Amino acid sequence: MPEPLAAPVFPVRRPDVIAAALKRLQDQEWTRLEGAPDTEAALAAWHGPGIRGTTPEVWYLSSGTAALEALMLGHELGPGDEVVVTPYTWGATVSAILAIGAIPVFADIEPLTGVIDPAAVEAAITPRTRAIMGVHLFGTPFDGTRLRAIADRHGILLFEDGSQSHGARWNGVRVGAFGHGAAFSCMGYKLLAGTEGGYAVFHDPAAAERAYLYGKHPRGLRPDRAAALADAGLLDALQLGWRPCAIGAELIKAALPYLDGENAARRANAAHLRAALGDFAGVTMPPEPAGAECCWHLLSFIFHPERIGCDLDTYRARLERLGVGTFRYIPVPIHRLKRLNPHGYDGPRVLWHEQLRRAGVDYRQTSCPHAEWRAEREFTMGFNWTVEDPASMGRLAEALVRAAQA
Ligand SMILES: Cc1ncc(COP(=O)(O)O)c(C=O)c1O
């Protein structure tokens, strides 16, 4: 019986990161109405310019969902607008689109990586499309260069949901630089983990300014801008609750300098694991596409029942007994979720049913075969190894193979 495999505790909380948060508590600065300008400046500097040479403006907000909404509202998206999005993501990517009144249109994924397929995006664009929302999923970036070219060709916007991929790169460029804007979650299990929190990267200062009116406290405004808005009668408290936690902002600022090193260790460990798995064909480890530098927030394997001879739940139970905890991250692709389909629905009232009906949307007609195929077969594990650890990767590979032979 091999030694059980204990995944390292996550998130990593370094003593100096905790000390920074403690200092904020001791200073009794638990809330700062002006937001978190120092954290925002650190994030903007770390992200660097957009691929079209823009200087990013970053807002640290209450959550990744708030950041998604801020991006879309800042760019004046709303009722009637279509947003092309992957059906294979954490649901908040899609519910943020619905919450601002817009209509998600689903484009299929690349089956092995799970990220949105540019060809499917192009096919989903209609005259009503205002934006593409791509998700850098599990630490794997989508092809930002190609999606931005598609967006530019059609005169629409590209947004990036980088909530699972802080620091991943495409063609050497960090995610968050490809779109007109990007959103990142910093909830406690993310690679950059605050308490709860998230941030929006705007590449258009006018959009940032417009979004300001929805969710940032006026105290964070430049005095001249605040005066201009007050004169126009636009400075009010009609807000959507995006005010961030000051302690979380401190954690992010203190943890940021470690992130690239941790990502490099995760990549090295993913390479060790791939090598240790060798030609084992029972599960497929997600590939690192040419052009991508993945940061492997999660490992989402594809399970092949016909090669292993048991079903997915049995295999996962065997892994559990070998000390490897797994979960099914996306058991149902979003377009198949019950609450997204008003037809025949009998649960509690759902905010977006009316807007979907009005737009004549019926997701029963939507087909995304790759997402459906992957959802049936995937199992996921957190990949928290932030120090290079070939021995643990060998044991993990051994557990994956042994569970297939049981
Ligand atoms: C891909 C993705 N988008 C959006 C979110 C929403 O972020 P939050 O939970 O901080 O609102 C998350 C994570 O929770 C996520 O993984």
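**Exercise 1. Is Ser185 buried or exposed, and why?**

Solution. Before counting, recall what you are looking at: this is a predicted model, in which local features need pLDDT of at least 70, side-chain atom pairs count only at pLDDT 80 or more, and totals for chains, interfaces and linings use all residues. Residues are numbered from 1 along each chain as its sequence is written.

Step 1: take the cut-offs. A residue is buried if 20 or more other C-beta atoms, placed from the backbone, lie within 10 Å of its own, exposed if 12 or fewer, and partly exposed in between.

Step 2: apply them. Ser185 counts as buried because 29 C-beta neighbours lie inside 10 Å.

Step 3: list its contacts, meaning residue pairs whose C-beta atoms, placed from the backbone, lie within 7 Å. Beyond the neighbours within four places in sequence, Ser185 touches Ser63, Gly64, Ser163, Lys190 and Gly198.

**Exercise 2. Place Ser185 in its sheet.**

Solution. Step 1: find the strand. Ser185 belongs to strand E8; strands (E, at least two residues) and helices (H or I, at least four) are DSSP runs, numbered from the N terminus.

Step 2: find a partner. Strands pair if DSSP finds at least two bridges between them. E8 (residues 181-185) and E9 (residues 198-202) are joined by five bridges in the antiparallel sense, and Phe184 stands opposite Tyr199 in E9.

Step 3: widen the view. The open sheet has seven strands with mixed pairing, in the order E1-E9-E8-E5-E4-E2-E3. E1 (57-61) and E3 are its edges, each pairing on one side only.

**Exercise 3. Describe the shell around the ligand.**

Solution. Step 1: pick the residues, using a C-beta atom, placed from the backbone, within 6 Å of the molecule as the test. There are 14 around the ligand, and Ser63, Gly64, Thr65, Ser163 and Ser185 come nearest.

Step 2: sort them. Ala, Val, Leu, Ile, Met, Phe, Trp, Tyr, Cys and Pro count as nonpolar, Asp, Glu, Lys and Arg as charged, and the others, Gly among them, as polar. The shell divides into four nonpolar, nine polar and one charged.

Step 3: trace the helices. H3 (64-74) and H4 each supply at least two residues of this shell.

**Exercise 4. Characterise the contact between the two domains.**

Solution. Step 1: the domain assignment, automatic or from a database, gives domain 1 (15-256) and domain 2 (259-405).

Step 2: the contact takes 34 residues from domain 1 and 32 residues from domain 2.

Step 3: on the side of domain 1 that touches domain 2, 18 residues are nonpolar, twelve polar and four charged.

Definitions and conventions:
Two residues are in contact if their C-beta atoms, placed from the backbone, lie within 7 Å.
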